[in-house]
Amino acid sequence: MKAFLYRKYGPLDVLQLEEIPRPVPNSRELLIKVIATSVNRTDCANIRAKPAIMRLSMGLFKPRNPILGTEFSGEVIETGNEVTYYKPGDKVFGFADSGLRSYAEYLLLQPSIAFAKVPQSINMQQAAGCIEGMHYAYNIINKITLNPGDQVLVNGATGGIGTAALQLLQYLGMKITAVCNTENIELARSLGAIEVIDWQKEDFTQSDKTYHAVFDVAGKSTFGKCKHLLLPDGAYISSELGPWSQNVGYSLLTAIFKSVPFNKGRKVKFPYPPNIMRSLRLLVNLIEEGHFTPVIDRIYPFEQIPEAFRYVEKGHKTGNVIISLS
């Protein structure tokens, strides 16, 4: 089979298209013919091993897993004799932030991987690009308690995580202010925003409006710049560690000193996302109930994965970038 491999961390030229043997499933595994995969922020971090702490799980000096790809949709080709719920011909999709080896024509699914049957209301390209965004959006939002009608701001509202966050927050009944570029203002409104700030014309951190929560899913602001936007007991949550990993430190400090008068209970939460299967179950339910539609920016053919990386790393994609193998 064809697969993109990388044998060292670094720039995009470490990706090489090669012919390798097709994997063979054991008694508990499924062999999947990959129909589509994605290039997302997790993949961009994995190829460069940044932040460096990722090397502890991925391989200290070189990748332990030479095939990238964290998200997929595909068809079950073969199952081990202990597999009972899935059968050849089933359409499935899944995600693993530690890596799935989906930049290949075939992959093996182990029982520990979060995957499910593809809902009938979406196509295979959409299925390949919606789990990562929902998983991280859900694990940002669920770190605090919100009530219907609460005011929330989402910075980076039309990226992969942002488009998922808007739809989930709308489902939960929040009053959403979205921060995005000029081109995507109407998209943000269609996904649930009642107010939109165009970052190309206005700095949202200079606003005098206050919110129950500020979700920076672009990871480009800081608690210091956003603190005045928070109501008493409000929360700031970023999808990134922040400069010098400050969001981890702030999450501890604001928990310890939550009763300090000048802080008024404002807090930072660090969105550690442990349970992908829980996110996937929620996603399937929302899709089947008509509350979630994956947003696709571009679809690249398999051979153009490096070009897809270059586009994603510019940091301005709308929704998700898909790689089609069909």
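**Note on the predicted chain and Asn 320**

1. Long-range contacts come to the fore here. Of the contacts in the chain between residues at least 6 apart in sequence, 68% join residues at least 24 apart. Please keep in mind that the model is predicted.

2. Secondary structure is mixed. The chain has ten helices. It also has 15 strands.

3. Overall dimensions come next. The chain has 326 residues, and for that number a compact globule would have a radius of gyration near 20 Å. The chain has 20 Å, so the two agree. Along the principal axes, the C-alpha atoms fill a box of roughly 60 × 45 × 35 Å.

4. Now burial and surface. Of the 326 residues, 56% count as buried. The chain exposes about 15,100 Å². Carbon and sulfur atoms supply 52% of that area.

5. On charge, the chain carries 35 positive side chains and 30 negative ones. The centres of the two sets lie 6 Å apart.

6. One residue deserves a look: Asn 320. Asn 320 sits in strand 15, which covers residues 320-324. Is Asn 320 buried or exposed? Asn 320 has a relative accessible area of 8%. Buried means under 20%, so Asn 320 is buried.

7. What does the side chain of Asn 320 reach? The partner is the backbone oxygen of Gly 129, at 2.8 Å. Gly 129 is also among the residues that Asn 320 touches, leaving out those up to four places away in sequence. The others in that list are Gly 160, Val 295, Ile 296, Asp 297 and Arg 298.

Conventions
Residues numbered from 1 in each chain as written. Predicted model: local features only at pLDDT ≥ 70, side-chain atom pairs only at ≥ 80, totals over all residues. Heavy atoms only, no water. Helix = DSSP H or I, 4+ residues; strand = E, 2+ residues; numbered from the N terminus. Rg over C-alpha atoms; globule rule 2.2 N^0.38 Å. Buried < 20%, exposed > 50% of the residue type's maximum accessible area, 1.4 Å probe, protein only. Contact = heavy atoms within 4.5 Å. Areas by Shrake-Rupley, 256 points an atom, 1.4 Å probe, with all protein chains shown as cover. Lys, Arg positive; Asp, Glu negative; His and termini not counted. Charge placed at Lys NZ, Arg CZ, Asp CG, Glu CD. Polar contact = N/O pair within 3.5 Å; in protein donor to acceptor, adjacent residues only side chain to side chain.
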